[in-house]
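Trainee: I am new to this structure and would be grateful for a close look at a single part of it. Could you take me through the place where open space is left among the atoms, and then set it beside its surroundings?

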Amino acid sequence: MPREFTTEDYRSRLERATAAAAGAGLSGLVVAPGPDLVYLTGYQPTAITERLTALVLTAGREPALIVPTLERPDAEKAASAPAVRLVDWTDGQDPYAAAVPLIDRAGRYGISDNAWAMHLLGLQAALPATGWTSLTETLPMLRAVKDTDELERLAAAGGAADAAYRGILEVTFAGRRETDVAADLAALLIKYGHSQVDFTVVGSGPNGANPHHEAGDRVIEPGDTVVLDFGGLKDGYGSDTTRTVHVGADVPDEVRRVHEVVRQAQQTAFEAVRPGIGCQEIDRVARRVITEAGYGEYFIHRTGHGIGITTHEPPYLVEGEERPLVPGMCFSIEPGVYLPGRFGVRIEDIVTVTEQGGRRFNNTPHELGIVS
């Protein structure tokens, strides 16, 4: 089991977030229930409802967490509670009045993108001179650089996903529906320690040409190429891996050729990972390999996305993202080729940036898997 995050861990995160807000020209942050609140406090309401819950960070003031009175006992149990002032409000009261003393009336705040519109509008009405901006727009890298404990969790999640892949290779594919194999994948993720399964993409034959195909009732046939993309949360941190398999050992030459192009693109992009290189450069490296092989128009998505408390978060490896890679960043490298109406191929690993280059959290073979 990983080490539990402590009050001091959360205190440090709160201090860093407040300093980062100041560095971005903000007076502070207002963080609604969701991944940022979990990251900064370890607190997640039992149910996200219409009742206002918000962490308020303002430079020079003690961090404050606004909660409904009926949920205060749960908030008091969070590991961050000793580092945060709890401010509660009761049904029948104006919850935004509780926020007014905590916020600089003439300031400018970053607010979570997942904050409900009714709450932002309520804050605007209570604080008409206060400015608001998207937290993702102003501090997109807030959770991007992972510490040692976070890296440990991500590595364990990757290892569990690898175990699930090894298990699915032993399962019969031919004659079964995509949903049946997806259920097997979900069960394997749970078996190897995931508490939450976020997705199990099983794209067989022509369905594999849809990168985000939802597993359906199509019966998998001998000779199908099948894209398997699956992941979820283990100990609060994400896994996400993709491998492509073929049903039967008689693999068409084009499937082998496309798979090898994607494998080379994935490997070349991984080898390009190093501190200081721009995120978009990893995308360019992978795309160049696929384009030079003649399949550029069939690589229809970015090369990667960040991962942490959620399975998709900054940084994004995509053209136009010039931010440099920093040790501790974690993201997918997942080039693919998708031939409409025929088949698709994708290979994906989660990678972290080290001082020397890159380190994979997924270590199952990249070769085309053969299943029965």
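Mentor: A pocket is here an open set of points on a 1 Å grid, with protein on both sides within 12 Å along at least five of seven lines. Its volume is the space filled by probe spheres set on those points. The model is a predicted one.

Let us begin with the largest pocket, which holds about 590 Å³ of space. Its lining consists of 25 residues, and those nearest the centre are Val-38, Gln-44, Asp-235, Gly-236 and Ile-309. Two or more lining residues come from each of helix H1 (7-23), helix H2 (35-41) and strand S7 (196-204). H2 provides the largest share, with 3 residues. By class, the lining of this pocket comprises 13 nonpolar, 7 polar and 5 charged residues.

The second largest pocket offers a useful counterpart, with a volume of about 360 Å³. It is lined by 17 residues, of which Pro-211, His-212, Asp-229, His-312 and Arg-346 are closest to its centre. Here the largest share of the lining, 3 residues, belongs to S7. The lining of the second largest pocket divides into 4 nonpolar, 6 polar and 7 charged residues.

Let us return to the largest pocket and to Asp-235, one of the residues nearest its centre. Asp-235 is placed in the loop between strand S8 (225-234) and strand S9 (237-238). What is the relative accessible area of Asp-235? The value is 28%, and Asp-235 is therefore partly exposed, since that class lies between the limits of 20% for buried and 50% for exposed. The backbone also deserves attention here. Most residues other than glycine have a negative phi, and most peptide bonds are trans. Asp-235, although not a glycine, has a positive phi of about 50 degrees. A departure from the second tendency is found at Pro-314 and Pro-315, which are joined by a cis peptide bond with omega of about 5 degrees. Pro-315 belongs to strand S12 (residues 313-317).

After S9 comes another loop, between S9 and strand S10 (241-247), and Ser-239 is found there. Is Ser-239 buried or exposed? Its relative accessible area is 1%, so Ser-239 is buried. Leaving aside neighbours within four places in sequence, its contacts include Ala-157, His-194, Phe-199, Phe-230 and Ile-307. Ser-239 and Ile-48, by contrast, lie 24 Å apart in space from C-alpha to C-alpha, with their places 191 residues apart in sequence.

Aromatic rings complete the view of this region. Phe-5, Tyr-10 and Tyr-237 form one aromatic cluster. Within the ranges already named, Tyr-10 falls in helix H1 (7-23) and Tyr-237 in strand S9 (237-238).

A further element, helix H5, may be read in a similar way. In H5 (residues 117-126), the buried residues are His-119, Gly-122 and Leu-123. They fall within an arc of 100 degrees when seen down the helix axis, so they line one face of H5. The face turned away from that buried side carries the exposed residues Ala-117, Leu-121 and Ala-125. Among the elements that cover the buried residues of H5 are strand S1 (28-31), helix H4 (95-99), strand S5 (108-111) and strand S6 (131-134).

How values were computed: Residues numbered from 1 in each chain as written. Predicted model: local features only at pLDDT ≥ 70, side-chain atom pairs only at ≥ 80, totals over all residues. Heavy atoms only, no water. Buried < 20%, exposed > 50% of the residue type's maximum accessible area, 1.4 Å probe, protein only. Helix = DSSP H or I, 4+ residues; strand = E, 2+ residues; numbered from the N terminus. Arc of directions from axis to C-beta. Contact = heavy atoms within 4.5 Å. 1 Å grid on protein atoms, 1.4 Å probe; cavity = no way out; pocket = protein on both sides within 12 Å on 5 of 7 lines; lining within 4 Å. Nonpolar A, V, L, I, M, F, W, Y, C, P; charged D, E, K, R; others polar. Phe/Tyr/Trp six-rings, centres within 6.5 Å; stacked < 30°, edge-to-face > 60°.
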